[in-house]
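Student: I'd like a close look at one small part of this protein rather than a tour of the whole thing. Could you pick a spot and walk me through what surrounds it?

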Amino acid sequence: MRPFSGAAPIARGFAVGLGLAAAPAGAVDLRLLPENPRYARNPTCADVTVVAPARRPGTHPLDDRISPNPALSPMSQGDSAICFAYATADMISQRVGTTVSALDVATRYYFADPSGLERSRDRALRNYLRRHPDLAEEIAESRNDTEASRERNPGRKPYFDKLEDGQEEAATLLYNLGGLCTDRDLPSFDGYGQHARTFGALRWRSRVAAPKISWRSVGGTVPRLRDPATDAFNAGWIAHVERRCRRKPLPVPLIPVSDSIADNQLDFMDKAARSEPGLKAGTDRLMGMIDYALDRGRLPVVGYSWYVLEERLPKDPDLAADHSSPIIARRKAGGRCQYHLQDNTGEYCARMRPGIRERCDLGRVWLDEDELRASLYSVIYLR
(Lines give C-alpha, C1' and ligand atoms only; values in the text may rest on other atoms or scores of the structure.)
Protein backbone atom coordinates (compact mmCIF):
# COMPACT_ATOMS: atom_id res chain seq x y z
CA MET A 1 0.00 0.00 0.00
CA ARG A 2 1.51 3.25 -1.15
CA PRO A 3 0.02 6.68 -0.36
CA PHE A 4 -1.23 8.76 -3.28
CA SER A 5 -0.64 12.74 -2.83
CA GLY A 6 -21.87 -6.37 -18.63
CA ALA A 7 -20.09 -5.43 -21.58
CA ALA A 8 -18.39 -6.38 -24.79
CA PRO A 9 -14.59 -6.25 -24.82
CA ILE A 10 -13.57 -2.71 -23.90
CA ALA A 11 -11.01 -1.02 -26.14
CA ARG A 12 -8.44 1.54 -25.06
CA GLY A 13 -7.90 0.03 -21.63
CA PHE A 14 -11.51 0.07 -20.40
CA ALA A 15 -12.07 3.76 -21.27
CA VAL A 16 -15.87 3.79 -21.40
CA GLY A 17 -18.71 5.74 -19.85
CA LEU A 18 -19.54 5.06 -16.22
CA GLY A 19 -23.32 4.91 -16.32
CA LEU A 20 -23.69 6.24 -12.77
CA ALA A 21 -26.87 7.95 -11.61
CA ALA A 22 -25.82 11.43 -10.55
CA ALA A 23 -27.39 13.58 -7.85
CA PRO A 24 -29.26 16.67 -9.17
CA ALA A 25 -27.12 19.77 -9.64
CA GLY A 26 -26.86 21.78 -6.45
CA ALA A 27 -28.26 18.99 -4.28
CA VAL A 28 -26.48 17.32 -1.38
CA ASP A 29 -25.54 13.83 -2.53
CA LEU A 30 -26.98 11.64 0.22
CA ARG A 31 -25.13 8.62 -1.16
CA LEU A 32 -21.81 10.03 0.06
CA LEU A 33 -20.23 10.99 3.36
CA PRO A 34 -19.11 14.62 3.82
CA GLU A 35 -16.10 15.66 1.83
CA ASN A 36 -14.06 17.23 4.66
CA PRO A 37 -15.21 15.76 7.98
CA ARG A 38 -13.69 16.40 11.38
CA TYR A 39 -12.21 13.13 12.60
CA ALA A 40 -12.44 12.10 16.23
CA ARG A 41 -12.01 8.85 18.13
CA ASN A 42 -15.08 7.02 19.30
CA PRO A 43 -14.89 8.00 23.00
CA THR A 44 -16.22 4.69 24.36
CA CYS A 45 -14.81 2.26 21.78
CA ALA A 46 -18.40 1.18 21.19
CA ASP A 47 -18.94 -2.16 19.50
CA VAL A 48 -19.52 -1.86 15.76
CA THR A 49 -19.42 -4.29 12.85
CA VAL A 50 -19.49 -3.33 9.19
CA VAL A 51 -21.44 -5.93 7.25
CA ALA A 52 -19.94 -6.89 3.90
CA PRO A 53 -21.64 -9.08 1.28
CA ALA A 54 -21.03 -12.77 1.79
CA ARG A 55 -19.06 -14.58 -0.88
CA ARG A 56 -21.26 -17.19 -2.49
CA PRO A 57 -20.25 -20.85 -2.12
CA GLY A 58 -18.91 -22.29 -5.32
CA THR A 59 -16.43 -19.56 -6.22
CA HIS A 60 -13.69 -21.97 -5.22
CA PRO A 61 -13.82 -25.47 -6.76
CA LEU A 62 -13.00 -27.19 -3.46
CA ASP A 63 -15.27 -25.19 -1.12
CA ASP A 64 -16.54 -28.27 0.69
CA ARG A 65 -13.42 -30.43 0.52
CA ILE A 66 -10.67 -28.38 2.14
CA SER A 67 -10.28 -26.79 5.56
CA PRO A 68 -10.76 -24.04 6.37
CA ASN A 69 -13.72 -23.87 3.99
CA PRO A 70 -12.99 -21.09 1.46
CA ALA A 71 -16.65 -20.04 1.48
CA LEU A 72 -16.30 -19.10 5.17
CA SER A 73 -12.87 -17.47 4.91
CA PRO A 74 -11.79 -14.07 3.64
CA MET A 75 -10.78 -13.92 0.01
CA SER A 76 -7.23 -15.30 -0.26
CA GLN A 77 -4.64 -13.77 -2.55
CA GLY A 78 -2.76 -17.07 -2.66
CA ASP A 79 0.78 -16.72 -4.01
CA SER A 80 0.09 -13.37 -5.67
CA ALA A 81 1.65 -10.16 -4.36
CA ILE A 82 -1.36 -7.92 -4.93
CA CYS A 83 -2.82 -7.53 -1.44
CA PHE A 84 -3.81 -3.97 -2.44
CA ALA A 85 -6.30 -5.38 -4.97
CA TYR A 86 -7.88 -7.78 -2.45
CA ALA A 87 -8.24 -5.10 0.20
CA THR A 88 -9.63 -2.64 -2.37
CA ALA A 89 -12.07 -5.27 -3.63
CA ASP A 90 -13.30 -5.83 -0.06
CA MET A 91 -13.78 -2.08 0.40
CA ILE A 92 -15.64 -1.71 -2.89
CA SER A 93 -17.75 -4.83 -2.30
CA GLN A 94 -19.02 -3.47 1.00
CA ARG A 95 -19.89 -0.16 -0.65
CA VAL A 96 -21.77 -1.59 -3.64
CA GLY A 97 -23.34 -4.59 -1.87
CA THR A 98 -21.83 -7.17 -4.25
CA THR A 99 -18.64 -9.21 -3.97
CA VAL A 100 -16.45 -7.89 -6.77
CA SER A 101 -13.51 -9.74 -8.27
CA ALA A 102 -10.13 -8.77 -6.85
CA LEU A 103 -8.46 -9.93 -10.07
CA ASP A 104 -10.67 -7.55 -12.02
CA VAL A 105 -9.64 -4.73 -9.65
CA ALA A 106 -5.96 -5.58 -10.28
CA THR A 107 -6.42 -5.84 -14.05
CA ARG A 108 -8.02 -2.42 -14.23
CA TYR A 109 -5.42 -0.87 -11.93
CA TYR A 110 -2.54 -1.98 -14.13
CA PHE A 111 -4.06 -1.45 -17.58
CA ALA A 112 -7.14 0.81 -17.61
CA ASP A 113 -6.90 4.17 -19.35
CA PRO A 114 -7.38 6.94 -16.74
CA SER A 115 -8.66 9.32 -19.42
CA GLY A 116 -11.94 7.42 -19.32
CA LEU A 117 -12.68 9.02 -15.95
CA GLU A 118 -13.00 12.40 -17.65
CA ARG A 119 -16.16 11.18 -19.40
CA SER A 120 -17.95 10.48 -16.14
CA ARG A 121 -21.52 11.76 -15.89
CA ASP A 122 -21.43 11.61 -12.10
CA ARG A 123 -21.21 15.03 -10.47
CA ALA A 124 -19.36 13.84 -7.35
CA LEU A 125 -16.69 12.07 -9.39
CA ARG A 126 -16.29 15.06 -11.71
CA ASN A 127 -15.82 17.28 -8.65
CA TYR A 128 -13.17 14.90 -7.34
CA LEU A 129 -11.33 15.07 -10.66
CA ARG A 130 -11.43 18.87 -10.65
CA ARG A 131 -9.88 18.90 -7.18
CA HIS A 132 -7.13 16.54 -8.38
CA PRO A 133 -5.95 17.94 -11.73
CA ASP A 134 -2.76 15.86 -11.60
CA LEU A 135 -4.58 12.57 -11.13
CA ALA A 136 -3.39 10.98 -14.40
CA GLU A 137 0.23 11.79 -13.53
CA GLU A 138 -0.21 10.37 -10.02
CA ILE A 139 -1.69 7.14 -11.38
CA ALA A 140 1.19 6.88 -13.84
CA GLU A 141 3.69 7.43 -11.03
CA SER A 142 2.03 4.70 -8.99
CA ARG A 143 2.09 2.27 -11.91
CA ASN A 144 5.73 3.08 -12.61
CA ASP A 145 6.58 1.78 -9.13
CA THR A 146 5.25 -1.67 -10.10
CA GLU A 147 7.73 -4.54 -9.89
CA ALA A 148 7.62 -7.89 -11.67
CA SER A 149 8.47 -11.14 -9.94
CA ARG A 150 11.56 -13.10 -11.02
CA GLU A 151 9.86 -16.45 -10.35
CA ARG A 152 9.80 -18.28 -13.70
CA ASN A 153 10.35 -14.83 -15.16
CA PRO A 154 14.12 -14.18 -15.08
CA GLY A 155 13.81 -11.11 -17.27
CA ARG A 156 11.23 -9.62 -14.90
CA LYS A 157 8.89 -8.99 -17.80
CA PRO A 158 5.54 -7.33 -16.97
CA TYR A 159 3.21 -10.31 -17.37
CA PHE A 160 -0.01 -9.59 -15.48
CA ASP A 161 0.37 -12.58 -13.17
CA LYS A 162 3.94 -11.56 -12.29
CA LEU A 163 3.16 -7.96 -11.30
CA GLU A 164 3.56 -6.96 -7.67
CA ASP A 165 2.31 -4.13 -5.52
CA GLY A 166 -0.17 -1.36 -6.22
CA GLN A 167 -2.02 1.56 -4.73
CA GLU A 168 -5.53 1.41 -3.30
CA GLU A 169 -6.65 4.95 -4.10
CA ALA A 170 -5.77 4.65 -7.79
CA ALA A 171 -7.32 1.16 -7.95
CA THR A 172 -10.54 2.50 -6.44
CA LEU A 173 -10.81 5.41 -8.86
CA LEU A 174 -10.09 3.25 -11.90
CA TYR A 175 -12.84 0.85 -10.82
CA ASN A 176 -15.32 3.58 -11.72
CA LEU A 177 -14.65 2.56 -15.34
CA GLY A 178 -16.71 0.01 -17.17
CA GLY A 179 -18.95 -1.47 -14.47
CA LEU A 180 -18.35 -4.03 -11.76
CA CYS A 181 -17.45 -7.68 -12.22
CA THR A 182 -18.58 -10.15 -9.57
CA ASP A 183 -16.24 -12.70 -8.05
CA ARG A 184 -18.58 -15.42 -9.29
CA ASP A 185 -17.78 -14.36 -12.86
CA LEU A 186 -14.03 -14.02 -12.29
CA PRO A 187 -13.09 -16.03 -9.18
CA SER A 188 -10.22 -14.60 -7.15
CA PHE A 189 -9.91 -17.04 -4.26
CA ASP A 190 -6.35 -18.43 -4.14
CA GLY A 191 -4.99 -15.66 -6.33
CA TYR A 192 -4.17 -16.94 -9.80
CA GLY A 193 -4.65 -20.59 -8.84
CA GLN A 194 -8.00 -21.02 -10.57
CA HIS A 195 -6.68 -19.48 -13.79
CA ALA A 196 -3.48 -21.50 -14.30
CA ARG A 197 -4.80 -23.15 -17.45
CA THR A 198 -5.81 -19.80 -18.94
CA PHE A 199 -2.40 -18.29 -18.21
CA GLY A 200 -0.66 -21.32 -19.70
CA ALA A 201 -2.67 -21.01 -22.93
CA LEU A 202 -2.01 -17.28 -23.10
CA ARG A 203 1.74 -17.82 -22.73
CA TRP A 204 1.73 -20.28 -25.61
CA ARG A 205 -0.37 -18.03 -27.85
CA SER A 206 1.62 -14.91 -27.05
CA ARG A 207 4.80 -16.57 -28.31
CA VAL A 208 3.34 -16.90 -31.79
CA ALA A 209 1.51 -13.54 -31.85
CA ALA A 210 3.15 -10.83 -33.91
CA PRO A 211 5.07 -8.74 -31.34
CA LYS A 212 4.69 -5.56 -33.41
CA ILE A 213 0.89 -5.55 -33.19
CA SER A 214 -0.44 -2.48 -31.38
CA TRP A 215 -2.56 -3.96 -28.63
CA ARG A 216 -5.18 -1.27 -27.95
CA SER A 217 -6.37 -2.76 -24.66
CA VAL A 218 -2.99 -2.10 -23.01
CA GLY A 219 -2.45 1.25 -24.68
CA GLY A 220 -3.69 3.27 -21.72
CA THR A 221 -1.03 2.12 -19.26
CA VAL A 222 2.56 3.25 -18.71
CA PRO A 223 5.64 2.14 -20.70
CA ARG A 224 6.89 0.20 -17.68
CA LEU A 225 3.98 -2.21 -18.11
CA ARG A 226 4.43 -2.52 -21.89
CA ASP A 227 6.83 -4.95 -23.53
CA PRO A 228 6.80 -6.78 -26.89
CA ALA A 229 7.14 -10.02 -24.97
CA THR A 230 4.09 -9.42 -22.76
CA ASP A 231 1.64 -7.16 -24.62
CA ALA A 232 -0.08 -10.07 -26.38
CA PHE A 233 -0.31 -12.03 -23.12
CA ASN A 234 -1.78 -9.08 -21.20
CA ALA A 235 -4.18 -8.18 -24.00
CA GLY A 236 -5.34 -11.80 -24.06
CA TRP A 237 -5.92 -11.73 -20.29
CA ILE A 238 -7.95 -8.51 -20.58
CA ALA A 239 -10.06 -10.08 -23.34
CA HIS A 240 -10.59 -13.16 -21.14
CA VAL A 241 -11.70 -10.95 -18.25
CA GLU A 242 -14.21 -9.14 -20.46
CA ARG A 243 -15.62 -12.41 -21.76
CA ARG A 244 -16.09 -13.72 -18.22
CA CYS A 245 -17.44 -10.54 -16.62
CA ARG A 246 -21.15 -9.79 -16.93
CA ARG A 247 -20.61 -6.19 -15.95
CA LYS A 248 -23.18 -4.22 -14.01
CA PRO A 249 -23.35 -0.44 -13.48
CA LEU A 250 -22.03 0.83 -10.17
CA PRO A 251 -24.87 1.92 -7.87
CA VAL A 252 -22.70 4.70 -6.38
CA PRO A 253 -19.51 6.47 -7.45
CA LEU A 254 -16.35 5.26 -5.77
CA ILE A 255 -14.84 8.37 -4.16
CA PRO A 256 -11.83 7.58 -1.93
CA VAL A 257 -10.68 9.47 1.13
CA SER A 258 -7.13 8.68 2.24
CA ASP A 259 -4.34 9.90 4.46
CA SER A 260 -0.88 8.68 5.40
CA ILE A 261 1.99 9.48 7.70
CA ALA A 262 4.66 7.67 5.67
CA ASP A 263 5.32 6.63 2.09
CA ASN A 264 5.55 2.96 3.05
CA GLN A 265 6.43 0.72 5.97
CA LEU A 266 10.19 1.27 5.65
CA ASP A 267 9.62 5.02 5.73
CA PHE A 268 7.38 4.61 8.79
CA MET A 269 10.04 2.51 10.53
CA ASP A 270 12.66 5.15 9.81
CA LYS A 271 10.46 7.94 11.19
CA ALA A 272 9.67 5.91 14.30
CA ALA A 273 13.36 5.13 14.88
CA ARG A 274 14.13 8.86 14.69
CA SER A 275 11.16 9.70 16.96
CA GLU A 276 10.02 12.15 14.33
CA PRO A 277 7.89 14.94 15.78
CA GLY A 278 4.24 14.68 14.83
CA LEU A 279 4.28 10.94 14.26
CA LYS A 280 2.04 10.20 17.24
CA ALA A 281 -0.36 12.99 16.28
CA GLY A 282 -0.47 11.58 12.77
CA THR A 283 -1.24 8.11 14.06
CA ASP A 284 -3.99 9.58 16.25
CA ARG A 285 -5.49 11.14 13.13
CA LEU A 286 -5.41 7.82 11.28
CA MET A 287 -7.11 6.07 14.21
CA GLY A 288 -9.76 8.81 14.12
CA MET A 289 -10.33 8.06 10.43
CA ILE A 290 -10.78 4.35 11.19
CA ASP A 291 -13.36 5.09 13.90
CA TYR A 292 -15.13 7.62 11.67
CA ALA A 293 -15.46 5.13 8.81
CA LEU A 294 -16.61 2.25 11.01
CA ASP A 295 -19.18 4.40 12.81
CA ARG A 296 -20.66 5.40 9.44
CA GLY A 297 -20.85 1.97 7.91
CA ARG A 298 -17.74 2.12 5.76
CA LEU A 299 -14.93 -0.40 5.56
CA PRO A 300 -11.55 1.30 6.16
CA VAL A 301 -8.43 -0.26 4.66
CA VAL A 302 -5.14 0.17 6.49
CA GLY A 303 -1.51 0.04 5.43
CA TYR A 304 0.62 -1.74 8.04
CA SER A 305 3.25 -4.47 8.44
CA TRP A 306 2.47 -8.17 8.09
CA TYR A 307 5.00 -8.78 10.85
CA VAL A 308 2.39 -7.54 13.33
CA LEU A 309 0.67 -10.87 12.68
CA GLU A 310 3.55 -13.23 12.00
CA GLU A 311 7.19 -13.11 13.03
CA ARG A 312 9.79 -12.37 10.38
CA LEU A 313 12.00 -15.29 9.50
CA PRO A 314 15.69 -14.49 10.04
CA LYS A 315 16.54 -15.10 6.36
CA ASP A 316 13.56 -13.17 5.00
CA PRO A 317 15.01 -10.27 2.92
CA ASP A 318 11.82 -8.23 3.34
CA LEU A 319 12.45 -6.02 6.36
CA ALA A 320 9.11 -4.22 6.25
CA ALA A 321 6.45 -6.59 4.86
CA ASP A 322 4.07 -3.87 3.66
CA HIS A 323 0.54 -5.19 3.79
CA SER A 324 -3.00 -3.96 3.22
CA SER A 325 -6.18 -5.18 4.95
CA PRO A 326 -9.67 -3.95 5.79
CA ILE A 327 -10.89 -3.36 9.34
CA ILE A 328 -14.32 -4.92 9.72
CA ALA A 329 -15.24 -4.30 13.37
CA ARG A 330 -14.33 -2.70 16.71
CA ARG A 331 -14.96 -3.80 20.28
CA LYS A 332 -13.82 -3.27 23.85
CA ALA A 333 -12.37 -6.36 25.51
CA GLY A 334 -10.57 -6.56 28.83
CA GLY A 335 -10.56 -2.78 29.06
CA ARG A 336 -8.71 -2.49 25.72
CA CYS A 337 -10.02 -1.19 22.40
CA GLN A 338 -9.62 -3.85 19.71
CA TYR A 339 -10.02 -3.79 15.93
CA HIS A 340 -11.02 -6.77 13.77
CA LEU A 341 -8.59 -7.01 10.88
CA GLN A 342 -9.43 -9.20 7.89
CA ASP A 343 -6.29 -10.74 6.46
CA ASN A 344 -6.29 -11.80 2.81
CA THR A 345 -3.15 -13.93 2.57
CA GLY A 346 -4.88 -17.23 3.32
CA GLU A 347 -2.38 -17.81 6.12
CA TYR A 348 -3.42 -20.21 8.90
CA CYS A 349 -4.01 -18.73 12.33
CA ALA A 350 -1.77 -21.37 13.89
CA ARG A 351 1.27 -19.81 12.21
CA MET A 352 0.70 -16.38 13.69
CA ARG A 353 2.44 -14.89 16.70
CA PRO A 354 1.63 -16.25 20.18
CA GLY A 355 -1.08 -14.05 21.64
CA ILE A 356 -2.26 -13.11 18.14
CA ARG A 357 -3.21 -16.62 17.07
CA GLU A 358 -5.57 -16.95 20.02
CA ARG A 359 -7.51 -13.94 18.69
CA CYS A 360 -7.60 -15.23 15.13
CA ASP A 361 -10.41 -17.16 13.46
CA LEU A 362 -10.50 -18.02 9.74
CA GLY A 363 -8.00 -15.28 8.94
CA ARG A 364 -9.78 -12.55 10.87
CA VAL A 365 -7.72 -11.21 13.76
CA TRP A 366 -8.61 -9.02 16.73
CA LEU A 367 -5.74 -6.58 17.31
CA ASP A 368 -5.32 -4.43 20.38
CA GLU A 369 -5.14 -0.75 19.47
CA ASP A 370 -1.46 -0.60 20.43
CA GLU A 371 -0.69 -3.54 18.14
CA LEU A 372 -2.39 -1.81 15.22
CA ARG A 373 -0.75 1.55 15.93
CA ALA A 374 2.71 -0.05 16.04
CA SER A 375 2.99 -0.10 12.22
CA LEU A 376 -0.09 1.78 10.94
CA TYR A 377 0.91 4.31 8.29
CA SER A 378 -2.13 4.85 6.04
CA VAL A 379 -5.93 4.64 5.92
CA ILE A 380 -8.42 4.80 3.06
CA TYR A 381 -12.21 4.55 2.99
CA LEU A 382 -14.99 5.39 0.53
CA ARG A 383 -17.21 8.41 0.89
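Tutor: Sure, let's start with one contact between two side chains: Gln342 and Arg364 are joined by a polar contact of 3.1 Å. Keep in mind that this is a predicted model. The mean pLDDT of the protein is 89, with 87% of its residues at 70 or more. One stretch to treat separately is residues 5-19, where the pLDDT is below 50.

Back to our spot. Gln342 belongs to strand β7, which covers residues 336-342. Is Gln342 buried or exposed? Its relative accessible area is 10%, and the cut-off for buried is under 20%, so Gln342 counts as buried. What does Gln342 touch, once we skip neighbours within four places in sequence? The list is Pro74, Asp90, Ser325, Pro326, Ile328, Gly363 and Arg364. So you'll find Arg364 there again, our partner from the polar contact.

Now zoom out to the strand. Six of the seven residues of β7 are buried, so the rest of the structure largely encloses this strand.

Which strands does β7 pair with? One is β6, residues 322-333, which pairs with β7 in the antiparallel sense over six bridges. Look at Ala333: its bridge partner in β7 is Arg336. Together β6 and β7 make a hairpin, with two residues between them. Gly334 sits in that turn and has a positive phi of about 60°.

Another partner is β9, residues 364-368. Here five bridges do the joining, and β7 and β9 run antiparallel. To find your way along this pairing, look for Tyr339, which stands opposite Leu367 in β9. While you trace the strands, here's a handy rule: in a regular strand, side chains alternate between the two faces of the sheet.

Let me put the picture together. Gln342 is a buried residue in β7, and its side chain makes a polar contact with that of Arg364. Around that contact, β7 has β6 as an antiparallel partner through six bridges and β9 as an antiparallel partner through five. If you follow the chain on screen, go along β6 to Ala333, round the turn with Gly334, and along β7 to Gln342.

Terms used:
Residues numbered from 1 in each chain as written. Predicted model: local features only at pLDDT ≥ 70, side-chain atom pairs only at ≥ 80, totals over all residues. Heavy atoms only, no water. pLDDT = per-residue confidence, 0-100. Contact = heavy atoms within 4.5 Å. Helix = DSSP H or I, 4+ residues; strand = E, 2+ residues; numbered from the N terminus. Buried < 20%, exposed > 50% of the residue type's maximum accessible area, 1.4 Å probe, protein only. Polar contact = N/O pair within 3.5 Å; in protein donor to acceptor, adjacent residues only side chain to side chain. Pairing = 2+ DSSP bridges.
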